[in-house]
Amino acid sequence: MSRAPGVIPRRQTLSVKYCLPMTSIQPNVSLKPYTTFKIGGPARFFASASAAAEFRAALDFARREGLPVFILGGGSNILVSDRGFDGLVIHPAQKGIETKGRADGTVSVRIQAGETWDEAARSAVEQELWGIENLSHIPGQAGAALVQNIGAYGQQISDVFESVEVMETATGALRTLMREDCQLSYRASIFNTVAKGRFIILSLQLRLRKLGQPNLSYRDVRDYFSERGLAEPSIAEVRRAVTQIRDRKFPFPRQEKGGNAGSFFKNLQLSAVQYEALRARLARGNPPAVLARLDEIRRRSPSEPIKLPSAFLIDICGLKDFQIGGAQVNPTQPLVLLNRGGATAEDVLALAGHIRRTVQARTGVAIPLEPELVGFAPGEIERHVRRDA
Ligand SMILES: Cc1cc2nc3c(=O)[nH]c(=O)nc-3n(C[C@H](O)[C@H](O)[C@H](O)COP(=O)(O)OP(=O)(O)OC[C@H]3O[C@@H](n4cnc5c(N)ncnc54)[C@H](O)[C@@H]3O)c2cc1C
């Protein structure tokens with residue numbers, strides 16, 4: 001996504017003050033078309049940047065004007081406030097994928113941050129390089145893929161990640177961070193936790209394998225191949241399978257109706273003690289079928305942390321197609337909240353808040369939000385939904 005409709009042409013709107021040598025800063029740009037939710041108000045200022053000098057010029061501008069900065073990739077893991085973002089949005093636009101073979105049979109793949117993630121997955125599969133085929137068809141840019149350590153169908157980017165080139169937002173200095181510096185874990189890294197806002201990711205390096213085995217650890221993928229009698233699928237067949245499975249579950253947000261940000265809630269990672277407390281709670285007042293499903297989840301996750309799908313809890317609370325305003329729980333995958341057309345950010349937050357409160361009251365468990373909430377006043381988020389859990 002490089003240009004959105006509604007961007008005000010530079011000639012008409014920019015005063016000399018905003019014409020920087022390397023990059024143009026546009027005022028009052030609607031963020032809605034830049035998000036997969038198709039929700040949100042305008043950015044006070046907006047800049048696309050492709051080269052280090054352009055990122056630096058944009059950061060200098062924000063510093064001079066005393067503006068907060070938000071880095072916007074493909075907008076597939078954020079909810080932007082109806083009032084928009086009162087600062088400078090910087091959109092990485094640099095593209096490119098380079099591969100370099102190594103003596104040990106692995107291949108280094110350097111991906112520019114503004115590259116579409118799925119383009120990187122497609123390119124790896126085409127070259128028969130194993131390691132990210134199960135991450136096919138996840139929306140967004142490559143840079144942001146590292147921010148929340150994207151994962152799907154048994155693979156995470158952390159399995160193949162080597163290093164990342166970043167710019168420090170405070171100084172504009174370039175640095176290379178190695179795998180151990182980035183503290184990648186379930187949907188987390190330093191970039192969305194301890195070092196949030198400190199770096200702009202410019203490019204990342206993965207190490208993929210020329211020889212590999214299909215990762216069929218997820219039941220959906222296994223079932224897909226056993227139904228077709230394929231025991232040893234090729235890498236291209238794995239990509240096709242994952243793409244088809246995902247398209248059944250996640251409405252790919254191409255237009256406003258059905259707009260979404262993927263999973264709005266993270267799954268849970270429970271200790272054995274927390275799991276037993278949940279089981280005891282569900283044993284009171286739920287049909288045996290609910291406990292049977294919980295036990296099945298436990299069997300699939302025998303050791304700590306016990307992985308508990310939040311969708312299970314939303315489902316047993318009877319919220320599978322619950323709707324507030326234009327926002328609705330996706331009936332086929334209740335982790336996903338949908339923009340049914342004309343939904344506001346306020347509708348989505350109200351729905352998320354209702355889900356969290358209902359699940360907590362019925363099960364004792366607080367389900368964590370996944371997307372970043374952009375441009376909301378702190379009190380506003382608290383009013384609808386507590387962010388902490
Ligand atoms: C239909 C659908 C399905 C999805 N499925 C999955 C899935 O299976 N697994 C999964 O893990 N996620 C999934 N997601 C979530 C989302 O696609 C990923 O989190 C993706 O990596 C976000 O990329 P983005 O470019 O859209 O980031 P954005 O939403 O634009 O930004 C997300 C965060 O990253 C920061 N950021 C973006 N670029 C940079 C940069 N260059 N430097 C520093 N910070 C940056 C932003 O400031 C923000 O904090 C799904 C989303 C949708 C809509």
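**Core, sheet, domains and ligand shell**

Leaving aside neighbours within four places in sequence, Ile201 is in contact with Ala113, Gly143, Leu146, Val164, Val166 and Phe191. The model is a predicted one, and Ile201 offers a convenient way into it. Together with Ala58 and Val348, Ile201 touches the most other members of the largest nonpolar core, a set of 88 residues. Helix H11, spanning residues 345–363, gives the most to this core, with seven residues. Apart from this core lies another of seven residues, including Leu216, Val221, Tyr224 and Val242. As a general background to such groupings, nonpolar side chains in soluble globular proteins tend to be buried together.

The strands come next. Strand S7 covers residues 106–112 and is mostly covered, with five of its seven residues buried. S7 has pairing partners in both S6 and S12. With strand S6 (residues 97–101), the pairing is antiparallel and runs over five bridges. These two strands form a hairpin with four residues between them, and Gly105 in the turn has a positive phi of about 90°. With S12, S7 again pairs in the antiparallel sense, here over seven bridges. Val109 of S7 can be used to follow the register: Thr99 stands opposite Val109, and Val109 in turn stands opposite Leu206 in S12.

A further strand, S16 (residues 327–329), contains Val329. Val329 counts as buried because it has 24 C-beta neighbours inside 10 Å, where 20 or more are needed. Not counting residues up to four places away in sequence, Val329 touches Ile314, Leu319, Lys320, Asp321, Phe322, Pro334 and Leu337. Val329 is also well separated from Leu216 by the numbers: the two residues are 113 apart in sequence, and their C-alpha atoms are 29 Å apart in space. Leu216 is one of the members of the seven-residue core described above.

On the scale of whole domains, the protein is divided into domain 1 (10–92), domain 2 (97–249) and domain 3 (268–384). The C-alpha centres of domain 1 and domain 2 lie 27 Å apart. Contacts between these two domains involve 13 residues of domain 1 and 14 residues of domain 2. On the domain 1 side, helix H2 (52–65) and strand S3 are the elements that give two or more residues. H2 supplies the largest share of that side, namely four residues. By class, the side of domain 1 that touches domain 2 has six nonpolar, six polar and one charged residues.

The ligand brings several of these elements back into view. Of the 35 residues around the ligand, those that come nearest are Gly73, Gly140, Gly143, Ala144 and Gly262. Strand S3 (69–71), helix H4 (142–147), strand S8 (151–152) and strand S12 (199–209) are the elements that give two or more residues to this shell. H4 gives the most, with four residues. Gly143, listed among the residues nearest to the ligand, is also one of the contacts of Ile201. By class, the shell has 20 nonpolar, 14 polar and one charged residues. Domain 1 and domain 2 each contribute at least three residues to the shell around the ligand.

Definitions and conventions:
Residues numbered from 1 in each chain as written. Predicted model: local features only at pLDDT ≥ 70, side-chain atom pairs only at ≥ 80, totals over all residues. Near = placed C-beta within 6 Å. Nonpolar A, V, L, I, M, F, W, Y, C, P; charged D, E, K, R; others polar. Domains from an automatic or database assignment. Core = buried A, V, L, I, M, F, W, Y, C linked by C-beta atoms within 7 Å. Buried ≥ 20, exposed ≤ 12 C-beta atoms within 10 Å, placed from the backbone. Contact = placed C-beta atoms within 7 Å. Pairing = 2+ DSSP bridges.
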